[in-house]
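Q: Hey, do you have a minute to go through a model with me? I'd like to chat about how its parts fit together.

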Amino acid sequence: TRMIVLGVSCRRSHLCAILRTPRGSHVMARPSSDLSEFRKIFSGAKKIAILTGAGVSAESGVPTFRGPGGYWRKWQAQSLATPEAFSRNPSRVWEFYHYRREVMLTKQPNPAHLAIAECEERLGRRGRQVTVITQNIDELHRRAGSRSILELHGSLFRTRCLSCGHEAPNYQSPICAALQGKGAPDPDAEDAQIPEHQLPRRCEQPGCRGLLRPAVVWFGEALDSEVLAHAEKVLDSCDLCLVVGTSSVVYPAAMFAPQVASRGVPVAEFNMEDTPATMRFRFHFHGPCGTTLPPALAPHETETD
Ligand SMILES: [Zn+2]
């Protein structure tokens, strides 16, 4: 069994070492899909880490720009979501992100997002922690009510100044006047070719007015080291880990979940795809996470107010 890292360069050598060392060097039994057994462990967990990926967003109808159908106009996301693409054609890249921001106004958190948020709120009242570590940039966890969220890939609704590095939340629609009505995804839509001075450049730092870019992690860029350090701290101290809507053999779960499992901590996968039997995860629940997660995270009979 080999772990696969898709489209992301890993600049942290110890993480790369984990990725290159398959944990399933001896054959393990298939993970359990016994919900009551999971619920017993869940009822005693004090620090729960929940890794989420594209599958959770896909169930809300969010286009994830992956696989063969993942095109915007005639480009794959991988060719637009790079620092090089932005410096070559900031107008086109902003059209792409403007489109994705506007699409999000029509999407809602699904039962998986809501179950996670409700669980965090409920267990939080009893001094138990739930932390979401997500690769998704759509803020659906936030909108569902989750508070403790680590966004590994940043957010569609944050900007970063190219001149001074200042980051700020930004929920404006459209993000600038020139992008109004632009960003159509059809292959024959024409580039808006917006001049740079009309692109988003509202850096709030005094006297800056620098050009803004989406504060998301692009291909070829390293993850934010503070966010990554915080995620590792959460994973090092959790006593239960859920991997939701992302395969544990692809990044980012592949980077983290084996670390957790190797400490003997139960890891439960909720995913549409099967997991290799050699993986060391305790549980696997097959199906859409909007269906499998709510009963798994519902109040346990031992929880009393
Ligand atoms: Zn600035």
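What follows is a short chat about helices, a sheet and one residue.

Q: What should I keep in mind about this model and its numbering?
A: It is a predicted model, so local features need pLDDT of at least 70 and side-chain atom pairs count only at pLDDT 80 or more, while totals for chains, interfaces and linings use all residues. Residues are numbered from 1 along each chain as its sequence is written.

Q: Cool. How many helices and strands are there in the protein?
A: Eleven helices and eleven strands. Both are DSSP runs numbered from the N terminus, with at least four residues of H or I for a helix and at least two of E for a strand.

Q: And what share of the residues is buried?
A: Of the 305 residues, 39% are buried. Buried means 20 or more other C-beta atoms within 10 Å of the residue's own, exposed means 12 or fewer, and partly exposed is in between, with C-beta atoms placed from the backbone.

Q: Let's talk helices. How do H7 and H11 cross?
A: The axes of H7 (residues 111-124) and H11 (residues 289-297) come within 7 Å and cross at roughly 20°. That makes H7 roughly parallel to H11, a label for angles under 35 degrees (over 145 is roughly antiparallel, 65 to 115 roughly perpendicular, the rest oblique). Axes here are lines fitted to C-alpha atoms, for helices over the stretch in contact, and angles run from 0 to 180 degrees between N-to-C directions.

Q: Which residues make that contact?
A: On H7, Pro111, Ala112, Ala115, Ile116 and Cys119; on H11, Cys289, Gly290, Leu293, Pro294 and Leu297. Contact means C-beta atoms, placed from the backbone, within 7 Å.

Q: Switching topic: what's the strand order in the open sheet of three strands?
A: The order is S7-S6-S8, with antiparallel pairing. S7 (167-169) and S8 (212-216) stand at the edges with a single partner strand each, so one side of each has no neighbour in the sheet. Two strands pair if DSSP finds at least two bridges between them.

Q: How many bridges link S6 and S7?
A: Three, with S6 spanning residues 154-161. Arg160 has Glu167 in S7 as its bridge partner.

Q: Which helix lies across S6 and S8?
A: That's H6 (residues 90-104), running at about 140° to S6.

Q: Last one: where does Arg142 sit?
A: Arg142 is in helix H8 (residues 140-144). Arg142 counts as partly exposed because it has 18 C-beta neighbours inside 10 Å. Pro109 is 33 residues away from Arg142 in sequence, and their C-alpha atoms are 9.0 Å apart.

Notes:
Two residues are in contact if their C-beta atoms, placed from the backbone, lie within 7 Å.
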